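Biologist: Before we discuss individual residues, I would like to hear how each label is justified. Could you take me through the reasoning step by step?

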Amino acid sequence: MSGRVLCTRAENVATVTLSNPGKLNAIDFAMWQSLAEIVAELSGDDQLRCVIVRGDGDQAFAAGGDIEEFLSRRDTVDRAMAYHAQAGAALQALADCRQPTIALLQGACIGGGLEIAAQCDLRICAQSSRFGAPINRLGFSMYPAEMASLLRLAGPACLLEILLEGRILGATEALAKGLVTRVVADADVVDEAYTSARRIGAGAPLVARWHKQWLRRLQEGGPLSDEELRASFAFLDSDDYREGLAAFMEKRKPQFTGR
């Protein structure tokens, strides 16, 4: 029986849940497909302010890919290419999501789970969370296209340490190496993630999207053109900019509409 990717909404926050009971939310092919479709749909919803990605329960975010499935889904080069093309589509959907994304991390965040978390904008984890990719013990290497986000996130030294040693890192070490954004007590991690989502939601949604857009552009390298620099002032024509200034002058809470 395959796992599922569930999606719920509360006000302007969507929660995407990786669910594969009995397998620590290991991600199978159908889940990669669903994740890509769900996140792409959420990205087009202008009513949303934030997307939280989490695992089902508190034992695991996701303990990697579903290894049992590799015997049939990834047993030839052609099938392996198709499998990882689908995984790549899901990871790219997260990277391209217009709304800010938060990975709510509890328990094991391993292999493919770590790749998913790396594509989120923020990673808030419980103190007891564990991170790694011990695939050297299984005899296969990480797909190069999937290494890219981890390389950008933690740098070559940390990524090589994870892949060469196959060591599992605790939350404190993961924070020090840049793999996660924030570590909180186990009992507080869910509240902290949703509090963070509410903070994001209180800001202007267009501004959040622009910040994501410009950060990605800056990571590409190369000087910004005059046209790009002028485009960075697109906020001047937005209702939210006018509302933000008016609210500041009137000493009240702004009511942003995303226009």
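Modeller: Let us begin with a cut-off: a residue is called exposed when its relative accessible area is over 50%, buried when that area is under 20%, and partly exposed in between. The model in front of us is predicted, and the values I quote are computed from it.

Biologist: Why is Thr 172 called exposed?

Modeller: Thr 172 has a relative accessible area of 52%, and exposed means over 50%, so Thr 172 counts as exposed. Thr 172 belongs to helix α6, which covers residues 171-176, and its C-alpha atom is 38 Å from that of Phe 235, with the two positions 63 residues apart in sequence numbering.

Biologist: What makes Glu 41 exposed?

Modeller: The relative accessibility of Glu 41 is 55%, and since the label requires a value over 50%, Glu 41 is exposed. Glu 41 sits in helix α1, residues 29-43, and although Glu 41 and Pro 100 are 59 residues apart along the chain, their C-alpha atoms are separated by 14 Å.

Biologist: How do you know whether Val 190 is buried, partly exposed or exposed?

Modeller: Val 190 has a relative accessible area of 27%; buried would require a value under 20% and exposed a value over 50%, therefore Val 190 is partly exposed. Val 190 is part of helix α7, residues 189-202, and, leaving aside residues up to four places away in sequence, Val 190 touches Arg 54, Leu 104 and Gln 106. By contrast, Val 190 and Glu 68 are 30 Å apart from C-alpha to C-alpha, and 122 residues apart in sequence.

Biologist: Two residues have a positive phi without being glycine, namely Glu 11 and Asn 25. Which of the labels, buried or exposed, does Glu 11 receive, and which does Asn 25 receive?

Modeller: Glu 11, with a phi of about 55°, is found in the loop between β1 (4-10) and β2 (13-19); its relative accessibility is 80%, and the cut-off is over 50%, so Glu 11 counts as exposed. Asn 25, with a phi of about 60°, lies in the loop between β2 and α1; its relative accessibility is 3%, and buried means under 20%, so Asn 25 counts as buried.

Biologist: Why is the contact between Glu 165 and Arg 167 called a salt bridge?

Modeller: The label requires a side-chain nitrogen of Lys or Arg within 4 Å of a carboxyl oxygen of Asp or Glu; the closest N and O atoms of Glu 165 and Arg 167 are 3.1 Å apart, so the pair qualifies as a salt bridge. Glu 165, at 47% relative accessible area, is partly exposed, and Arg 167, at 28%, is partly exposed as well. Glu 165 and Arg 167 also belong to a network of salt bridges that includes Glu 161, Glu 173 and Lys 177.

Biologist: What makes the side chains of Arg 199 and Glu 192 a salt bridge?

Modeller: The N to O distance for Arg 199 and Glu 192 is 3.9 Å, and the cut-off is within 4 Å, so this pair is accepted as a salt bridge. For Glu 250 and Arg 252 the closest N and O atoms are 2.6 Å apart, and the pair is therefore a salt bridge by the 4 Å cut-off too. Glu 250 is exposed at 51%, whereas Arg 252 is partly exposed at 34%. A search of the whole structure finds 19 salt bridges.

Biologist: What makes Leu 245 eligible for a nonpolar surface patch?

Modeller: Patch residues need over 30% relative accessible area and no salt bridge, and leucine is among the nonpolar side chains that are joined; Leu 245 has 44% and counts as partly exposed, so its area satisfies the cut-off. Leu 245, in helix α10 (residues 239-249), makes the patch together with Phe 233, Leu 236 and Tyr 241, and the patch has an area of about 370 Å².

Biologist: Which helix gives the most to the lining of the largest pocket?

Modeller: The largest pocket has a volume of about 940 Å³, and α8 gives the most to its lining, with nine residues.

Note on methods: Residues numbered from 1 in each chain as written. Predicted model: local features only at pLDDT ≥ 70, side-chain atom pairs only at ≥ 80, totals over all residues. Heavy atoms only, no water. Helix = DSSP H or I, 4+ residues; strand = E, 2+ residues; numbered from the N terminus. Buried < 20%, exposed > 50% of the residue type's maximum accessible area, 1.4 Å probe, protein only. Contact = heavy atoms within 4.5 Å. Patch = residues over 30% accessible without salt bridge, like charges linked within 9 Å, V, L, I, M, F, W, Y side chains within 5 Å. Areas by Shrake-Rupley, 256 points an atom, 1.4 Å probe, with all protein chains shown as cover. 1 Å grid on protein atoms, 1.4 Å probe; cavity = no way out; pocket = protein on both sides within 12 Å on 5 of 7 lines; lining within 4 Å. Points joined across faces, edges and corners; volume = space filled by probe spheres on them.
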